[in-house]
Amino acid sequence: FKGGDTCEYLLSSGRFLGEKVWQPHSCMMHKYKNSEAKNCLIDKHVVFIGDSRIRQLFYSFIKLINPQVKEEGIKHGNIPFEDKSASIKVVSFYLGSVAKPHIIVVGAATWSIKIHNGSNEALAQYKINITSIAPLLEKLAISSDVYWVLQDPVYEDMLSESRKMITNEKIDAYNEAAVRILNSSSRNSKAKVKVFSVSKLIAQETIMKSADGLHLPESSRDTNAMILMNVYCNKIMKPIDGSCCQPQPPLTLIQKIAFCFFTLSIIGYLIISLIHRNNYRKNKSCTDLESGEEKKPTISTPNVSTLEMLLHCFCKLGLIMTYFYLCDRANLFMKENKFYTHSSFFIPIVYILVLGVFYTENTKETKVLNREQTDEWKGWMQLVILIYHISGASTFLPVYMHIRVLVAAYLFQTGYGHFSYFWIKGDFGVYRVCQVLFRLNFLVVVLCIVMDRPYQFYYFVPLVTVWFMIIYATLAVWPQIVQKKANGNCLWHFGLLLKLICLLTCIYFLSYSQGAFEKIFSFWPLSKCFELNGNVYEWWFRWKLDRYVVFHGMLFAFIYLALQKHQMISEGKGDPLFSNRVSNVLLFISIVSFLTYSIWASSCKNKTECNELHPSVSVVQILAFILIRNIPGYVRSVYSSFFAWFGKISLELFICQYHIWLAADTKGILVLIPGYPMFNVLVSTFIFVCVAHEISQITNDLAQIVVPKDNSTLLKRLLCIAGFFSGLHFFSAMQDQSRH
């Protein structure tokens, strides 16, 4: 930690992650689109003053606003550019004067070196000239952003004879003079001329690719232009993945209330702990003098212990949420952009798979998709998804398509698990519903408050929550059909199938009627939960992407439980699921289907087209995996305890990664230890996993306290929770009013 001035880092330091990807030191750089650049520079006047190198930077800058611009202006004269739609003016000057601009980019030296043949007299005159204009630049810097661009090095071997006098030694002397004079004359930090020295670092890596040894290749100029755009626009546009030059966001009213609540919880827990400790010591030291026997401690009521447990949970949660805030909202830790390479994704995948195999144990039961197996399945999928996110593998389409199947498999398990529970247990009570909703949503609700993010931002939790409620509504609505009832009369099976067909019809209708879907989720309070950036389009897209897979999970559970009931499958230890012949045929079909899907996914060329097919075909690979994993008895009888351990905290891992493993709301990577990428990943991962495990325990403990089994008490709690969310809505509305 070296302070929070990320603008200084952006202008002066960084490194290449690849041939064309520049990574500033300690912060993330946003890649501005044309529309974003226009919005930032609306009604702005930008001026570039200097020689041919500045002219090239000028062209790269205006191409961020309008990519169609051609470099055909007058070489040794003023080149104006104007975007009338946004009232943007950008001008490249050699001489001249205009009204005071908002941004001034200045730089020159190579022309002076050339026309004076690199003489010392020219350098002396250059120092005099810089000394003369420095006060004027500082005066402009009071109301404008002024950048002095240091001279880039040259590739001396490629320079023409007329430019041989422009040497790197001379350029360094001119740069040193400019920096010394500008820094010494600067007395007011607010009116400081910013030295744009990062261009020099970029040129050192890329000047060898120059066409003439003097001018930078186009990709390097574009990087410099993008850095300029980030320096000026990040504080205006506030992009999530552009942490450079962004001030720390102010605390909202809700965040302040949350901070006070957690502080009081910590104080309350410490006070109660001290009281209990003192009572324990007194009771321990209290002995019967006549008999010499120690008396048992007299007391502690269940109410006190419940309160202590509640405060203990909120105490730990408060400390954890402080860490979340420091990692991803305060400008305390560094953040870096992701950069994908095949090795950064596939090597960790191989590593965790080998680890998983080493921790193989026998299962307690050998049923299809038993608890250990589903935990294992969720665990390895979650680890693969985590590696996918931190490596930035979403840019590689074949990997993206396979990860989409893993997300679909989670939802498949949602359909399978909840259907199986309701079908077998027949428990449609409020207690069960509240327990599930609390465990799914508790962490996300807390993060929405602490991190000032909408509920839909953590898209996966709204997704599984809505699907749980759809499954519940489908099975709970009259007539309630459960296994016990269906066993008495086979017609009830057809009734259940009719319910599933109705559900499929509704899913199909909503997936092709965006208007109807948006109307349903645009009513308050649903709109507050599912809107992102003012509309529910993101929610519709997420829901539509895996719209059939929960239904597939429910249908699979129904068929499997029916086969199990009629003893058409064998689930004994070491036994194949079906007869040898049928098992071999199904196993062969499953392997072929699995590989066929992978080949298709790997050959995808267009993400939009593949996403359209994904909802219908993802179940092929999911079912193929289930059959491959369960048909052979010896495979079904073992599981990886390593993966199963992670599977038990998979939801917490998925959510916590947003802020304490990744950074900038998953757009970048959190850097706790700069300069040592591998060590940083090890340390941040260890903390991240420990925190996720702790939050899982806190959630389970609180679920037992907050969601009681007694219906009357539960109803009172639900009213309190409704009041809590009404209060949140009120404070949120107040916050929005104050912002406007």
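A residue counts as buried when its relative accessible area is under 20%, as exposed when that area is over 50%, and as partly exposed in between, using a 1.4 Å probe and protein chains only. The model you are looking at is predicted, with local features needing pLDDT of at least 70 and side-chain atom pairs pLDDT 80 or more, while totals for chains, interfaces and linings use all residues. Residues are numbered from 1 along each chain as its sequence is written, and side-chain values use heavy atoms, leaving out hydrogens and water.

**Aromatic rings**

Let us start with rings. A pair of aromatic rings is described by the distance of the centres and the angle of the planes. Rings of Phe, Tyr and Trp (its six-membered ring) pair if their centres lie within 6.5 Å; planes under 30 degrees apart are stacked, over 60 edge-to-face, and the rest tilted. By this rule there are 47 aromatic pairs. Here are two of them:

| Pair | Centre to centre | Angle between planes | Type |
|---|---|---|---|
| F521 and W539 | 5.6 Å | 80 degrees | edge-to-face |
| W645 and F646 | 5.1 Å | 85 degrees | edge-to-face |

F521 and W539 are 18 residues apart: F521 sits in the loop between α18 (514-520) and α19 (526-530), and W539 in helix α20 (residues 537-545). Helices (H or I, at least four residues) and strands (E, at least two) are DSSP runs, numbered from the N terminus. Both F521 and W539 are buried. In the other pair, W645 is partly exposed, with a relative accessible area of 38%, whereas F646 is buried at 12%.

Some rings also meet a charge, which sits over a ring if NZ of Lys or CZ of Arg is within 6 Å of the ring centre and within 35 degrees of the ring normal. R542 places its charged end over the ring of Y459, 3.8 Å from the centre. Y459 also belongs to an aromatic cluster with Y410, F457, Y458, F460, F654 and Y658. Likewise, R432 lies over the face of Y421, 3.6 Å from the ring centre.

**A pocket**

R432 turns up again in the second largest pocket: of the 42 lining residues, those closest to the centre are R371, K378, G417, H418 and R432. A pocket is an open set of points on a 1 Å grid over the protein atoms alone, where a 1.4 Å probe fits, with protein on both sides within 12 Å along at least five of seven lines; lining residues have an atom within 4 Å of a point. Helix α13 gives the most to this lining, with 10 residues.
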